[in-house]
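Please open the model in a viewer and follow the stops below in order. Each stop indicates what to select and what is found there.

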Amino acid sequence: DTSQRSQRRRDMPQSHASTSRTRPLVLAAGCFAAAAAQAPGAPIMKHSFMAPFEAVNDFTGMRVISDWELGGSAVAHRGFVRLTAEKQSQKGWIANRNSFEGGEWSLAMELRATGESQYLFGDGLAIWFTTAYDVIEGPVFGREDYWTGLGIFFDTFQNVDQQHHHKHPYIYAMVNDGTQHYVPDAEKKLDKAKQILPGAHDNSGCSFDFRYNEARQDVSVLNHTRVHITYSASQRRLNLRLQQTSVGHDGEWYQCLEAKDVELPSSGYFAISSATGDLVDNHDIMHFVVRGTEGVDNVDQDHQAWLDQQKALAAMQQSELDLRPAEAVQRDYARALAAHTASLKALSASVDKLQQQMEFQLASIQAGVAIARTTVDDKANELREVKERVEKESSSAKVISELKKDAADEMKQMKTEFKEALKSGGGVSSLSFYFLLLLIVALGGVGYNRYRKIMKSHLL
């Protein structure tokens, strides 16, 4: 019996070790089986991007994103794309190089709009689906006016010259046929406009505070806003909903926009743009995922299935940190290893958050340094101009002083000569007196004219 128990103890670790090695495979199979049961559409990668962005251009040394073109102030970091930083008069965009063809699609975007100011910020960002491939810098959230297609605007700045029935930040959509001028956040319906204007149609926009104030202690770099947009050409319907996220928490979905009778181009190009003016904000994009929804009955459930699939994949990656040695099933090793595994998972999550936080702050510091450098250069130029003006005025003052001295000496000499003439002549007639007086006045006029010419030549 003793030998049999010893043999069982020797055999037991090997059996459990074999079982423990199969756990990742079982978990992975379970995740994919659940995902397959939900059957979410796969992302169309040539129209999508997701962090992290690892590719670097060998020539410029900047990060690049396959199938996408960055322009203006847009910069790709490892964990996000920053369209604009907290700097005045910036315009940035990222545009897809591939034409999308299809009338049924779902778009998921995760953004982060943040700034240090609590009340004054702007201008916002926009999602585009247009017939034009190239993005030309312009006044509509960083892009040109008179576009053909769809523009969805996340407007954080309330224009003082427009009246509204809503508060900002405000999200709304416009469909333009390429002939209409963009009126910022207008409630007045334009003539012959194929546009969804705020206030002109029901459910054409919503007020939603998707921006975070960085000064708040309960705000972190992981506070994002999820945007889910769906379009159906067969139903001519455009929907948009939003969700706030934070560490370990997803808020409720908020239905923002339900537009009917929306007709979009059968093929077009996706893009995102952003702009700042006198007021500024950081506008970051974490991912932009396009999926086809042909044959999908419920697009919201399909999107939730895709989110659950992404969470399951992330959980599977975290499960690799689990320790599964044969000794884990003996005595108290299981409790100790479970605590150790939980600690490793928490540490991994903290390191990932710290990495994102440092990258986010570094991007803000770079923007601040650029602003400070520009300010210092402007002040240096102003000081140089002031110095030149002072030197010029000092030179003019010296000339004026010399002229005054010459005029005083000349008047003194004229008085002396006049007195001597009176003494030598024993008197002078009235005619001679007036002649001398006129001579003095003429000399004074000549000196004054000379003084004015010198002043003009030095001051101008």
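Begin by selecting Val 369, a residue of helix H4. This is a predicted model. With a relative accessible area of 40%, Val 369 is partly exposed, because that class covers values between 20% and 50%. Next, add Leu 362 and Ile 365 to the selection: together with Val 369 they make a nonpolar surface patch of about 260 Å².

Remain on helix H4, which spans residues 333–425, and proceed to Glu 410, which also lies there. Is Glu 410 buried or partly exposed? Its relative accessible area is 41%, and Glu 410 is therefore partly exposed. Now extend the selection to Glu 402, Asp 406 and Asp 409; with Glu 410, these residues gather in a patch of negative charge on the surface.

The final stop is the disulfide, of which the structure holds one. Select Cys 206 and Cys 256, and display their side chains: the two sulfur atoms are 2.0 Å apart. The pair links distant parts of the chain, since Cys 206 belongs to strand S13 (residues 205–207) and Cys 256 to strand S18 (residues 254–260), with the two positions 50 residues apart in numbering. Which hand does this disulfide have? The torsion about the S-S bond is about -100 degrees, so the disulfide of Cys 206 and Cys 256 is left-handed. Finally, turn on a surface display: Cys 206 and Cys 256 are both buried, whereas Val 369 and Glu 410 are partly exposed.

Methods. Residues are numbered from 1 along each chain as its sequence is written. This is a predicted model: local features need pLDDT of at least 70, side-chain atom pairs count only at pLDDT 80 or more; totals for chains, interfaces and linings use all residues. Side-chain values use heavy atoms; hydrogens and water are left out. A disulfide is a pair of cysteine sulfur atoms within 2.5 Å. Helices (H or I, at least four residues) and strands (E, at least two) are DSSP runs, numbered from the N terminus. Buried means under 20% relative accessible area, exposed over 50%, partly exposed in between (1.4 Å probe, protein chains only). Patches are made of residues with over 30% relative accessible area and no salt bridge: like charges are joined within 9 Å, nonpolar side chains (Val, Leu, Ile, Met, Phe, Trp, Tyr) within 5 Å. Accessible areas come from the Shrake-Rupley method with a 1.4 Å probe; for residues, only the protein chains shown count as cover. A salt bridge is a side-chain nitrogen of Lys or Arg within 4 Å of a carboxyl oxygen of Asp or Glu. Lys and Arg count as positive and Asp and Glu as negative; His and the chain ends are not counted. The place of a charge is taken as NZ of Lys, CZ of Arg, CG of Asp or CD of Glu.
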